[in-house]
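The exercises below ask the reader to work through a structure by inspection, and each task is followed by a solution in steps. Please keep the sequence and the coordinates open while reading.

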There are 2 protein chains.
Amino acid sequence: MERHILVTGGAGLIGNAVRCALEAQGRKVVAIDLVERTREGLPLVACDLTDIHRLHAVAAEYPLDAVIHCGAHSGPMVARDNPYSMVQVNVVGTANMLELARIHQLRRLVFCSSTSAYGDTPEGPVPEDVVLRPTSVYGGSKAASEALLWTYWRQFGVDALAIRLSWVYGPGRTTDCVIRTMIEDALAGRPTRLPFGQDFHRQFLHVEDAVAALLLALDATPPPRRIYTATGGTYVTLGEIGEVVKRVLPQADIALAPGPDPVDEVHRRFDISAISRDLGYTPRFDLETGIRSYADWIAARAG
Amino acid sequence: MERHILVTGGAGLIGNAVRCALEAQGRKVVAIDLVERTREGLPLVACDLTDIHRLHAVAAEYPLDAVIHCGAHSGPMVARDNPYSMVQVNVVGTANMLELARIHQLRRLVFCSSTSAYGDTPEGPVPEDVVLRPTSVYGGSKAASEALLWTYWRQFGVDALAIRLSWVYGPGRTTDCVIRTMIEDALAGRPTRLPFGQDFHRQFLHVEDAVAALLLALDATPPPRRIYTATGGTYVTLGEIGEVVKRVLPQADIALAPGPDPVDEVHRRFDISAISRDLGYTPRFDLETGIRSYADWIAARAG
């Protein structure tokens, strides 16, 4: 019997897209989240990442092959005044996945880490092997999870890989995202005025490229590294993003003040040569194509 | 009213010594551990590091100034087949201390990290700022705790310092320790034969030097770093240790085979110039003095 891929965070931006991509490949999936249905009505198994008995009950009901662990508080802006929840959901939640993988001898665990684990970076291009200096407990929770993942591999041979995803945008993203703001304003005929960002760099990653990186990690023969960075391959300012949005939606009226995003890290360009070489990852979405896909999705939902 | 220093792991090697050193300075201490008395009969508050309500009850009963957090599974040989317990006690236990420090606005938190957080090191002398590659979940739990500590400082200003202690020996150590084995064998007139270690380096740290480093960290004006390494300043093989034991106890009959300790990391010499410069730490115990103090303690207990 073909066993299941467990996808955590199945109601979220990345988890939902991973689940749909796996099902489109004809693979058996069990997707969990806190709720019983996705926004689109797909069924989920309601299971908290910290509910240990229930996790093992899921593993008993759906024999597991591997895990793609997307479930987490998904950014430094979430639970900002409750860092302990960040520890429980993100770090203990990952430890619970590592234990599932160890106890049930799963083939592989793919963990959605984040470029927030880097925090303050050295000059770019930034390879994976630098000292991590995260600036938020969110970033710290990803760095801490990676330390556990690394040592479960070293001590117990759990075949776990971490992919540090940069800022994910595209169809399905409904939480804080400057691209979504620009698109929604343009579609509604409103101007976009931001008090920061004209000269602030961000490395956007289209959700479908994030999914591609995770699926490559799921199926790769064991690669030489345990931790890879995935970005969309671009390094642009939010001001430049505004220009791309105007090419996609000529009615957009966008103006940004200079300065960094007050709740985001200042990152140099990340080096994605390792994931390209070892996992065959190449971002497929240039920014204009990606923003058009996001604008189409937002327009369809609004219509 | 002078507030208390909370010492965790008060029944353990380091916590007990820290508590006694603080009390010898005339300071108010509340020491917690799983048990109600130390081996020597000193009272402890029985409190599990993961029992959140009880931790806050302790903080309510003994208004706190600062924490020295020694409580943990104390090495890769502990709970070796139960990594989740390592996560709960060591990582969540440290997160609980960070929350106490954040919520009660404590002056400082000093965390006993470990050189096990380094795992495989580059060539020495090894500074603090290298990529951590721990080889055990124990080392991973220390690296993960440091990541949380670092970000509680960055995001919430919790004044937390981590001291990476190397292998601690000396009076009070009753768990696995090759020096204790050599001393006990010599005192009992038994030969010591070890299947490894003649050429295996270890960086021993006398417990009183470990205490000194932690107390310096407790009281220093906020230093430029958050993470420091403390060793005894030596870098010797277990074979050389055997020679020192023979100088202290001429009746000792010690022979070691070559090769590394199968459950310890292979470490290069750690650079302790940062803790020396910033905290004024200098190891006071040379190996012969330290081993003599340990032998005296073991002989007194046996007598």
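## Salt bridges

Over all chains, a search of the whole structure finds 46 salt bridges. The model is a predicted one, and the exercises treat it as such.

**Exercise 1.** Determine which parts of chain A are linked by the salt bridge between A:R268 and A:E123, and describe how accessible each partner is.

*Solution.* Begin with the contact itself: the closest N and O atoms of A:R268 and A:E123 are 3.0 Å apart, and the cut-off for a salt bridge is 4 Å. Next, place the two residues: A:R268 sits in the loop between β13 (254–256) and α8 (273–279) of chain A, while A:E123 sits in the loop between β5 (108–114) and α4 (137–156) of chain A. The partners are 145 residues apart, and the pair thus links distant parts of the chain. Finally, turn to accessibility: A:R268 has a relative accessibility of 36% and so counts as partly exposed, whereas A:E123, with a relative accessible area of 57%, is exposed.

**Exercise 2.** Examine the salt bridges A:K246 with A:E243 and B:E23 with B:R19, and state where each pair lies in its helix and whether its members are buried or exposed.

*Solution.* For the pair in chain A, the closest N and O atoms are 3.4 Å apart. Both A:K246 and A:E243 belong to helix α7 (residues 238–248) of chain A, where three residues, about one turn of the helix, lie between their positions. A:K246 is partly exposed at 27% relative accessibility, and A:E243 is partly exposed at 42%.

For the pair in chain B, the N to O distance is 3.1 Å. B:E23 and B:R19 are four residues apart in helix α1 (residues 13–24) of chain B, and therefore about one helical turn separates them. B:E23 is partly exposed, with a relative accessible area of 35%, but B:R19 is buried, with a relative accessible area of 5%.

**Exercise 3.** Find out what the surroundings of A:D33 are, given that A:D33 is buried and has no salt bridge.

*Solution.* First locate the residue: A:D33 lies in strand β2 (residues 29–33) of chain A. Then look for a side chain of opposite charge; the nearest one, A:R19, is 8.9 Å away, against the 4 Å cut-off for a salt bridge. Last, list the contacts, leaving aside neighbours within four places in sequence: A:D33 touches A:G9, A:G10, A:A11 and A:G12, and also A:L44, A:V45, A:A46 and A:C47.

## Sheet and helices

**Exercise 4.** Work out the strand order of the open sheet in chain A, and identify the edge strands and the helices that lie across the sheet strands.

*Solution.* Seven strands of chain A, paired in parallel, follow the order β3-β2-β1-β4-β5-β6-β11 in an open sheet. At the edges are β3 (45–46) and β11 (227–230) of chain A, each of which pairs on one side only. Within the sheet, β5(A) runs parallel to β6 (residues 160–165) of chain A and is joined to that strand by six bridges; A:S114, for example, has A:L165 in β6(A) as its bridge partner.

Now add the helices. Helix α1 (residues 13–24) of chain A lies across β1 (4–8), β2, β4 (64–69), β5 and β6 of chain A, at about 160° to β1(A). Helix α3 (residues 83–103) of chain A lies across β1, β4, β5 and β6 of chain A, at about 165° to β4(A).

**Exercise 5.** Identify the buried residues of α7(A) and what covers them.

*Solution.* The buried residues of this helix are A:L238, A:G239, A:I241, A:G242, A:V244, A:V245 and A:V248. Their cover includes α5 (178–188), β9 (201–202), β10 (204–206), β12 (236–237), β13 and α9 (287–302) of chain A.

**Exercise 6.** Relate the record for residues 5–224 of chain A to the model.

*Solution.* In an unreviewed entry, UniProt places the feature "domain: NAD-dependent epimerase/dehydratase" at residues 5–224 of chain A. In the model, that span is 40% helix and 19% strand, and its end C-alpha atoms lie 23 Å apart.

Terms used: Residues numbered from 1 in each chain as written. Chains lettered and ligands numbered in written order. Predicted model: local features only at pLDDT ≥ 70, side-chain atom pairs only at ≥ 80, totals over all residues. Heavy atoms only, no water. Buried < 20%, exposed > 50% of the residue type's maximum accessible area, 1.4 Å probe, protein only. Lys, Arg positive; Asp, Glu negative; His and termini not counted. Contact = heavy atoms within 4.5 Å. UniProt positions renumbered as here; feature names shortened; annotations may be inferred. Pairing = 2+ DSSP bridges. Axes fitted to C-alpha atoms, helices over the stretch in contact; angles between N-to-C directions.
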